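I opened this entry to keep track of what I looked up. The notes follow in the order I made them.

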Amino acid sequence: MKRKALSLAIAATLFAGNLLAAEPQHGGEAVVTYQNDVATLDPAIGYDWQNWSMIKSLFDRLMDYKPGTTELVPALAESYTVSDDGTEYTFVMKKGVKFHNGREMKAADVKYSLERTVNPKTQSPGAGFFSSIVGYEDVTGGKSETLAGVTTPDDYTVKIKLSQPNATFLHIMAINFASVVPKEAVEKWGADFGKHPVGSGAFELQEWKLGQQLVFKKNPNYYRSGVPYLDGIRFEIGQDPTVALLRLQKGEVDIAGDGVPPAQFLQFKNDPKQKGLVVTGDQLQTGYLTLKTTLPPFDNLKVRQAVNMAISKDRVVRLINGRAKPANQPLPPAMPGYDTGFKGYPYDVEGAKKLLAEAGFEKGFDTELYVMNTDPQPRIAQSIQQDLAKIGIRAQIKSLAQANVIAAGSEKDQAPMVWSGGMAWIADFPDPSNFYGPILGCEGAVSGGWNWALYCNKALDAEAKRADSMAKPEQQAERIALWSKVFTDVMADAPWVPIFNEQRFTVRSARMGGDDALYVDPVHVPVNYDYIGVK
Amino acid sequence: MFAFIARRVVYSILILLGVTLITYLLLFMLPADPARQIAGRSATPEIVANIRHQLGLDLPFYQQYFQYLKGLLHGDLGRSFIQRSQVSELIGARLVPSLQLMGLGIAFELLIGIGLGIVAALKRDSFIDRLLMAFSFVGVSSPQFIAAMLFLYFFAVRLDWFPMGGYGEFRHILLPALTLGILGSGWYSRMVRSSMIEVLHQDFIRTARAKGLSRMRVVFRHVLPNAIVPVIPMVGIDIGIFMGGLVVVESVFGWPGIGQLAWQAIQQVDIPVIVGVTTVSAVAIVLGNLLADLVIPLVDPRIDVKKH
Amino acid sequence: MSTLKTLLRRPSVAISLLFIVAVVLLAIFAPWAAPFDPSEQFIEGLSLEGAPLPPDATYRMGTDLLGRDLLSRLLYGARTSLFIGLLANGIAVLIGTLVGLTAGFVRGWLGSVLMRFTDLMMAFPALLLAIALAAIFQPSVWIVALVIAMVNWVQIARVIYSETVALAARDFVEVERTLGASRLRILFSHLLPHLLPTILVWATLGISTTVLLEATLSFLGVGVQPPTPSWGNIIFESQTYFTSAPWLVLFPGAAIVALSLAFNLVGDALRDALDPTLKGRS
């Protein structure tokens with residue numbers, strides 16, 4: 001929900017990194033730190049920075065990605081076929097995959113797991129991803145407990161019928177919410193399953209001291225041979241990122257899970273002793289300012305365009321010490337469909353003033369800018385505020401707790417502008433469609449939705465729908481081109497000011513080995529625990 | 001005596017009920033929707049409404065509150081909206097570290113406070129007295145977050161005397177507990193100083209001195225026990241102040257206590273956790289005051305319980 | 001007048017008063033005293049990599065993370081911090097006195113309801129209450145002051161209550177009452193004048209508490225809204241940088257401690273001078 005991420009396929013080693021890392025050894029234990037609590041390890045529920053990758057290592061899904069890349073490969077599935085009309089997927093499962101409790105995984109477990117995620121009683125934040133499966137509405141509406149579209153002809157075959165072709169469906173079968181869980185363990189622990197996770201993944205949970213630490217130990221029966229490399233991982237919770245970094249330099253910590261805090265970034269970057277420890281990767285993330293298109297004066301296109309031209313993105317990027325790149329469209333550069341030729345709105349204060357005057361606001365106007373109250377978000381908001389003041393827009397900053405900003409964001413009469421930082425849209429899977437529906441499409445433009453600009457362009461919605469029904473591999477190029485146009489067309493309406501695309505920085509101790517790409521894995525965020533090891 | 005205790009206990013329970021009621025009322029007014037946070041960004045409004053209904057968030061205020069009270073009677077504090085686990089479990093896991101920090105923090109407060117108070121009183125109006133009182137004034141006037149950050153910077157980062165954070169070993173607790181202890185000691189040292197001076201002037205002390213008892217003996221056997229009485233209710237009140245300090249100190253030092261839990265819960269509007277933490281803190285405060293009320297008559301013969 | 005003279009004879013009090021006066025003057029005349037606009041984000045106020053600048057000839061206390069002049073922000077911040085401190089404390093003293101006096105003098109059901117409510121508020125973890133209130137009402141300068149007052153009146157009410165009860169039992173009040181003096185007359189001509197020293201002491205000591213609470217709320221991000229500077233939110237904005245840019249914490253930190261210390265010292269001396277029986281009690 002808040003900070004989950006996917007990042008670029010191949011990590012660029014910004015600071016003279018070691019591209020030819022030594023093959024990691026088997027054995028050993030790694031220490032990873034996080035500041036915030038791990039909320040839950042229930043794969044149907046977990047949706048934050050800390051638990052995303054942990055859940056990936058505890059559970060498996062039918063599909064997965066090649067380590068360190070965004071290339072889809074079958075995982076629990078041995079193979080899969082898609083019907084010609086793109087509405088029926090048949091997965092043949094691997095045999096002999098065992099849950100941590102020793103029982104063999106069967107097709108019925110896959111069906112059960114999907115139904116559990118969709119069932120409203122589970123209260124899963126990921127239920128919506130499965131809306132294209134036949135029978136979804138019956139389950140969410142409480143009419144049925146089972147998904148009519150999911151059938152198991154035999155113990156190792158799962159057939160999934162979709163109500164319409166969905167080009168992203170294989171990605172969806174690879175997200176955490178599609179993890180396979182054993183029914184008996186879920187029923188045994190009930191609502192506490194998230195504290196006693198039983199999966200089939202490379203690691204199993206050994207110990208969890210709430211608010212202090214979690215210990216994972218290697219799953220000796222893991223179905224992929226040779227994985228994982230580490231015998232165990234200890235996650236220490238409640239560690240301030242600054243403190244974690246200092247401890248890492250002392251050798252007490254192997255991976256600082258929260259990355260390099262802004263304050264230490266320059267010191268780290270400019271210290272020759274440290275820079276080999278940092279791995280840099282792009283992130284499928286965009287930080288943007290929403291303009292409430294239904295609320296005067298932002299219902300006026302010229303005003304929105306003026307705001308787009310008034311903000312100095314370079315300055316914002318400098319404020320966060322260059323840890324991002326200025327953006328001009330909703331999609332991040334690493335996402336398929338990003339339009340490299342698109343120039344967006346120029347930074348042009350005079351032009352912005354002119355547009356504002358044409359819109360009838362020569363003297364500017366008063367408005368509000370909502371922002372989450374953790375550093376650096378209020379600072380970024382103040383920089384935007386100063387830029388807007390130069391064209392006469394007097395924005396008052398509302399710096400509030402995350403929950404309050406989210407609550408105000410979608411209200412018709414509140415939050416005329418929201419800076420998305422800290423709650424920014426980070427892709428769930430590497431496909432442009434994930435950047436549209438809830439945050440720019442009409443379906444999200446409701447009270448309680450995530451389309452905070454309340455932007456709704458029916459024509460573009462139709463185009464988006466058309467793109468997502470192009471499920472055949474040979475249509476892929478056409479589909480991506482269509483998506484590309486949708487997003488640049490969005491910018492003509494200027495519901496957002498795209499500000500920057502953040503980069504990711506993972507720090508690991510000198511003793512850790514494995515390909516750099518694993519430390520900025522695009523899917524296993526922040527780190528792919530299964531494939532890293534000690535040197 | 002028994003009736004007195006019984007009355008105090010019943011009263012304390014009423015106070016706690018009042019605290020939960022007010023907390024619940026305040027949170028009811030919060031402009032945030034927990035159901036939406038739970039439902040996530042891919043949820044349709046129907047899913048959100050469904051979750052809201054399951055959590056009972058669509059009920060009128062008094063019904064939600066009665067539901068909560070009903071649970072409370074069975075020792076059930078509800079489930080966290082965000083973490084999905086029992087609030088009692090979450091608080092339970094973090095209570096021990098907080099109690100450790102609070103215990104050692106108060107111990108440091110008393111140790112430093114009483115120690116400095118004694119010295120200052122004995123050396124009254126000397127340079128040392130002035131210095132110690134200046135120290136206690138600065139302590140009382142410093143916000144915890146500034147002191148915590150400075151201590152962390154100098155003693156952990158610069159001098160490397162203490163670890164910079166973490167939990168588990170004794171060395172981890174020292175710096176946060178000392179921060180709380182040094183800042184809070186000012187109240188005690190000033191109080192002990194003035195009550196010592198007051199006692200030192202009383203007749204029985206002069207008599208004892210005149211009898212030829214040694215100065216140290218008089219101070220520790222006669223003066224101190226009398227001078228320390230006002231400190232006891234102070235400790236009770238202090239627990240409340242400490243609860244606030246924990247939020248700040250725990251977040252600076254990364255201490256896994258209920259202060260951090262409270263801060264996270266407030267950020268996420270995790271209502272069951274906020275109510276739970278407030279209730280537990282209020283219990284601690286009320287217990288502290290209750291104990292102080294009960295202990296004073298035992299140590300101070302001048303107070304007659306029946307008068308209360 | 002004589003008390004004032006005795007007070008001023010203590011160097012610590014004289015210095016404290018001088019400091020308070022200086023801060024008040026600087027706050028009032030901030031537009032003239034400040035070298036720059038406190039909200040102006042200077043392009044050259046940040047290094048090319050976006051780091052704040054240490055103190056130099058132009059920015060005498062360095063710049064903050066947005067390239068603003070720290071000295072100017074501190075001077076304007078004094079306005080916010082003092083304003084909230086005084087306002088919040090004023091409201092707290094007013095409520096506390098009203099509640100304590102009513103409860104102590106009127107007694108009866110109203111008095112007991114008021115004191116029960118005071119007990120209830122005492123049981124609240126003050127900081128948690130303040131944070132929750134600030135989150136509900138979405139902080140502005142006024143709201144922050146009100147929130148702090150809501151938390152701080154309780155202790156004052158307790159003190160005034162017990163003093164009032166003690167005073168009401170004293171002979172001269174009894175005499176007045178038997179002579180048929182009206183309640184209001186007793187209240188205004190006898191109780192209030194006797195309570196005045198206590199109120200005055202708390203009015204001074206309390207400022208220290210409110211200044212600290214404002215700073216703490218701002219430090220936790222629920223205080224005064226940016227870009228309005230307050231001493232607390234200057235530190236909040238730069239807290240993670242305190243190892244690489246210590247001036248951003250040291251200067252405002254010293255200012256907070258000094259102001260709070262000054263009010264504490266004056267209040268304490270005032271207490272000693274006005275009421276010897278109160279001496280040393282907190």
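**Helix pair between chains B and C**

I classed H7(B) and H11(C) as oblique to each other. The model is a predicted one, and I kept that in mind for every entry here.

I then went back to the geometry behind that label. Helix H7 of chain B covers residues 144–158, and helix H11 of chain C covers residues 247–274. They pack at an angle of about 140 degrees, with axes 10 Å apart. Only angles over 145 degrees count as roughly antiparallel, so this pair goes down as oblique. For handedness, I noted that H7(B) passes H11(C) in a left-handed crossing.

Which residues meet in this contact? From H7(B) I listed B:Phe145, B:Ile146, B:Met149 and B:Leu150. Opposite them, H11(C) supplies C:Val249, C:Leu250, C:Gly253 and C:Ile256. I sorted the contact residues into seven nonpolar, one polar and no charged.

**Annotation on chain C**

I checked the UniProt record for chain C. The unreviewed entry places "domain: ABC transmembrane type-1" at residues 78–267. In the model, that span is 83% helix and 0% strand. Its end C-alpha atoms lie 20 Å apart.

**A glycine in chain A**

I looked up A:Gly351 last and found it in helix H10 of chain A, residues 349–358. Is A:Gly351 buried or exposed? Its relative accessible area is 15%, and the cut-off for buried is under 20%, so I recorded A:Gly351 as buried. I also took its separation from A:Met93, which is 258 residues away along the chain. The C-alpha atoms of A:Gly351 and A:Met93 are separated by 60 Å.

Notes:
Residues are numbered from 1 along each chain as its sequence is written. Chains are lettered from A and ligands numbered from 1 in the order in which they are written. This is a predicted model: local features need pLDDT of at least 70, side-chain atom pairs count only at pLDDT 80 or more; totals for chains, interfaces and linings use all residues. Side-chain values use heavy atoms; hydrogens and water are left out. Helices (H or I, at least four residues) and strands (E, at least two) are DSSP runs, numbered from the N terminus. Buried means under 20% relative accessible area, exposed over 50%, partly exposed in between (1.4 Å probe, protein chains only). Axes are lines fitted to C-alpha atoms, for helices over the stretch in contact, and angles run from 0 to 180 degrees between N-to-C directions. Angles under 35 degrees count as roughly parallel, over 145 as roughly antiparallel, 65 to 115 as roughly perpendicular and the rest as oblique. A crossing is left-handed if the near helix is turned anticlockwise from the far one by less than a right angle, and right-handed if clockwise. Contact means heavy atoms within 4.5 Å. Ala, Val, Leu, Ile, Met, Phe, Trp, Tyr, Cys and Pro count as nonpolar, Asp, Glu, Lys and Arg as charged, and the others, Gly among them, as polar. UniProt positions are given in the numbering used here, feature names are shortened, and annotations may be inferred rather than shown by experiment.
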